[in-house]
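Dear colleague,

Please find below the structure I promised to hand over. My notes on what was found in it follow directly after.

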Amino acid sequence: MAITISKLKYVLISFALFSCQKQQECNPKDFKTGKFEFTQETNGKKEITTFERTDKLQIETYKGRTDTASVRWVNDYEFILQKLHPRNMAERKAISMRILTTKDKTYTFEYSFVGEAKKQIGTVTKIN
């Protein structure tokens with residue numbers, strides 16, 4: 001059973017077109033800096049965290065409390081947050097963040113403490 005060159009071209013072009021259609025938009029560089037909002041539900045209550053990220057810092061406000069963390073980008077999709085002034089042992093743990101997808105002014109990410117396998121998912125909206 002021989003495949004002709006024209007059939008092979010057709011198969012390759014079809015594969016390329018269909019594989020591209022399934023890829024989700026992802027422009028992580030658009031979210032490296034700016035002002036953001038993270039909304040989550042805890043015990044049935046909607047809670048909002050706002051933060052501003054520069055190349056090196058993230059300043060976050062949650063329930064009236066402001067914290068600052070250093071930001072170290074591993075690549076365009078991943079960065080590590082480390083609180084600058086931890087108040088307890090739990091806050092000393094660095095957090096690994098990985099941008100999974102982007103769409104318009106939002107990005108979906110997964111996060112966990114560095115070295116831990118359990119990951120959580122969240123969505124952030126850029127507000128400026």
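In this predicted model, β7 and β8 form a hairpin with six residues between the two strands. Within that turn, G115 has a positive phi of about 90°. The strands β7 and β8 (residues 120-126) pair in the antiparallel sense over six bridges, and T108 has T123 in β8 as its bridge partner.

On its other pairing, β7 (residues 106-113) runs antiparallel to β6 (residues 95-103) over eight bridges. One of the bridge pairs joins I95 to F113 in β7. The hairpin of β6 and β7 has two residues between the strands, and D104 there takes a positive phi near 55°.

Two further backbone positions deserve mention. Most residues other than glycine have a negative phi. N43, not a glycine, nevertheless has a positive phi of about 55°; N43 sits in the loop between β1 and β2 (45-53) and counts as exposed because its relative accessibility is 78%, over the 50% cut-off. K63 likewise has a positive phi of about 55° without being a glycine. K63 belongs to the loop between β3 (57-62) and β4 and is exposed at 64% relative accessibility.

Turning to the interior, the largest nonpolar core has 15 residues, and Y107, F109 and V124 have the most contacts inside it. Two or more residues each come from β1 (34-42), β4 (65-73), β5 (78-83), β6 and β7. Beyond its neighbours within four places in sequence, Y107 is in contact with residues including F31, F36, F51, R53, I99 and V124.

Finally, the charged pairs. How many salt bridges does a search of the whole structure find? The search gives 10. One of them joins the side chains of K29 and D76 at 3.7 Å, N to O. K29 lies in the loop between α1 (5-21) and β1, and D76 in the loop between β4 and β5, so this pair ties together parts that are 47 residues apart in sequence. K29 is exposed, at 57% relative accessibility, whereas D76 is partly exposed at 29%.

A salt bridge of 2.7 Å, N to O, is formed by the side chains of R87 and D67. R87 is in the loop between β5 and α2 (89-92) and D67 in strand β4, 20 residues apart. D67 counts as buried, with a relative accessibility of 13%. The side chains of E91 and K83 also meet in a salt bridge, at 3.8 Å, N to O. Through shared partners, salt bridges join R65, D67, K83, R87 and E91 into one network. Within this network, E91 is buried at 14% relative accessibility, while K83 is partly exposed at 26%.

With kind regards

Terms used: Residues numbered from 1 in each chain as written. Predicted model: local features only at pLDDT ≥ 70, side-chain atom pairs only at ≥ 80, totals over all residues. Heavy atoms only, no water. Pairing = 2+ DSSP bridges. Helix = DSSP H or I, 4+ residues; strand = E, 2+ residues; numbered from the N terminus. Core = buried A, V, L, I, M, F, W, Y, C linked by side-chain atoms within 4.5 Å. Buried < 20%, exposed > 50% of the residue type's maximum accessible area, 1.4 Å probe, protein only. Contact = heavy atoms within 4.5 Å. Salt bridge = Lys/Arg side-chain N within 4 Å of Asp/Glu carboxyl O.
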